[in-house]
Amino acid sequence: MAEDSAGAQALIQKLGVDIDAQLLERALTHRSYAYEHGGIPHNERLEFLGDSVLGIAVTVMLFTGNPDLPEGQLAKRRASVVSTVALAEVARSIGLGAFLRLGRGEEQTGGRDKDSILADTMEAVFGATYLSAGPDAAEELVLRLTEPLLADPERYGAAMDPKTSLQELAARLGRPAPVYSVASSGPDHNRSFTATVTVGDYTSTGTGSSKKTSEMAAALTACRELSDRTAETTVA
């Protein structure tokens with residue numbers, strides 16, 4: 001427990017928000033860990049709360065920051081920012097995977113980098129922040145962490161439908177169409193998938209709890225990296 005407390009304190013410093021350490025530990029506790037430790041509380045209730053905290057913060061920011069956008073465009077942008085793939089990207093940006101409390105099965109099948117687990121835990125952290133520090137601090141944390149997505153409109157489409165976005169990007173760059181391959185590991189009831197996408201001489205990988213989510217994760221990484229390369233070449 002001392003090690004878990006130290007991990008929570010390290011994450012609190014990283015987040016820059018005063019969150020109750022025990023509540024944060026719960027936010028980091030996956031149900032697989034809870035079941036293996038006598039049915040202790042896990043993070044799903046906090047995830048439920050955090051989902052609403054995330055949704056209202058992003059909705060208000062989009063509404064006030066884009067007075068000329070119609071409802072349909074606002075809804076599309078919100079959906080992309082709060083999607084599992086986008087939230088997993090946010091979680092990776094702060095190294096959240098290293099702090100997760102996982103059961104042995106999830107640990108062995110790459111649970112620390114699964115989009116679904118990372119996204120759910122990120123929402124639980126938002127919920128813990130709301131309870132510990134209040135709505136204003138929770139909203140500030142949400143917007144600070146999602147700012148890269150909110151600030152770059154081209155990434156909305158990539159986060160929402162990364163495979164289509166990658167296909168369109170490859171065509172614009174004059175590259176071959178993306179080609180995917182997927183490998184799986186782990187028991188049938190708890191499979192982990194790793195997708196590799198190839199676009200000409202470029203490759204990237206992504207992991208997920210299904211073939212679809214692993215391909216989406218690989219495509220999102222490819223979109224980001226190929227776009228960054230193109231921008232660097234243009235500047236040079």
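At what angle do helix α4 (residues 44-65) and helix α5 (residues 71-81) pack, and how far apart are their axes? Keep in mind while selecting them that this is a predicted model.

**First stop: α4 and α5.** Select residues 44-65 for α4 and residues 71-81 for α5, and you will find the two helices packed at an angle of about 140°, with their axes 10 Å apart. The angle falls outside the ranges for roughly parallel, roughly antiparallel and roughly perpendicular, and α4 and α5 are therefore oblique to each other. Turning the view, you can follow α4 as it passes α5 in a right-handed crossing. To see what touches, show the side chains of G55, V58, T59, L62 and F63 on α4, together with L74, R77, R78 and V81 on α5, since these residues make the contact. Coloured by class, the residues of this contact divide into five nonpolar, two polar and two charged.

**Second stop: α4 and α8.** Keep α4 selected and add helix α8, residues 115-133, which packs with α4 at an angle of about 80°, the axes being 6 Å apart. That angle makes α4 roughly perpendicular to α8. On the α4 side the contact is made by L46, E47, L49, G50, D51, V53 and L54, and on the α8 side by D120, E123, A124, F126, G127, A128, Y130 and L131. Here the division by class is nine nonpolar, two polar and four charged residues.

**Third stop: α6 and α8.** Leave α8 on display and select helix α6, residues 84-93, which packs with α8 at an angle of about 75°, with 8 Å between the axes. Helix α6 is thereby roughly perpendicular to α8. The residues to show are T84, V85, L87, A88, V90, A91 and R92 of α6, and D115, S116, L118, A119, M122, E123 and F126 of α8. This contact has nine nonpolar, two polar and three charged residues.

**Last stop: the rings.** Select K163 and Y180, where K163 lies over the face of Y180, at 4.7 Å from the ring centre. How many aromatic pairs does a search of the whole structure find? The search finds zero.

Technical notes: Residues are numbered from 1 along each chain as its sequence is written. This is a predicted model: local features need pLDDT of at least 70, side-chain atom pairs count only at pLDDT 80 or more; totals for chains, interfaces and linings use all residues. Side-chain values use heavy atoms; hydrogens and water are left out. Axes are lines fitted to C-alpha atoms, for helices over the stretch in contact, and angles run from 0 to 180 degrees between N-to-C directions. Helices (H or I, at least four residues) and strands (E, at least two) are DSSP runs, numbered from the N terminus. Angles under 35 degrees count as roughly parallel, over 145 as roughly antiparallel, 65 to 115 as roughly perpendicular and the rest as oblique. A crossing is left-handed if the near helix is turned anticlockwise from the far one by less than a right angle, and right-handed if clockwise. Contact means heavy atoms within 4.5 Å. Ala, Val, Leu, Ile, Met, Phe, Trp, Tyr, Cys and Pro count as nonpolar, Asp, Glu, Lys and Arg as charged, and the others, Gly among them, as polar. Rings of Phe, Tyr and Trp (its six-membered ring) pair if their centres lie within 6.5 Å; planes under 30 degrees apart count as stacked, over 60 as edge-to-face and the rest as tilted. A charge sits over a ring if NZ of Lys or CZ of Arg is within 6 Å of the ring centre and within 35 degrees of the ring normal.
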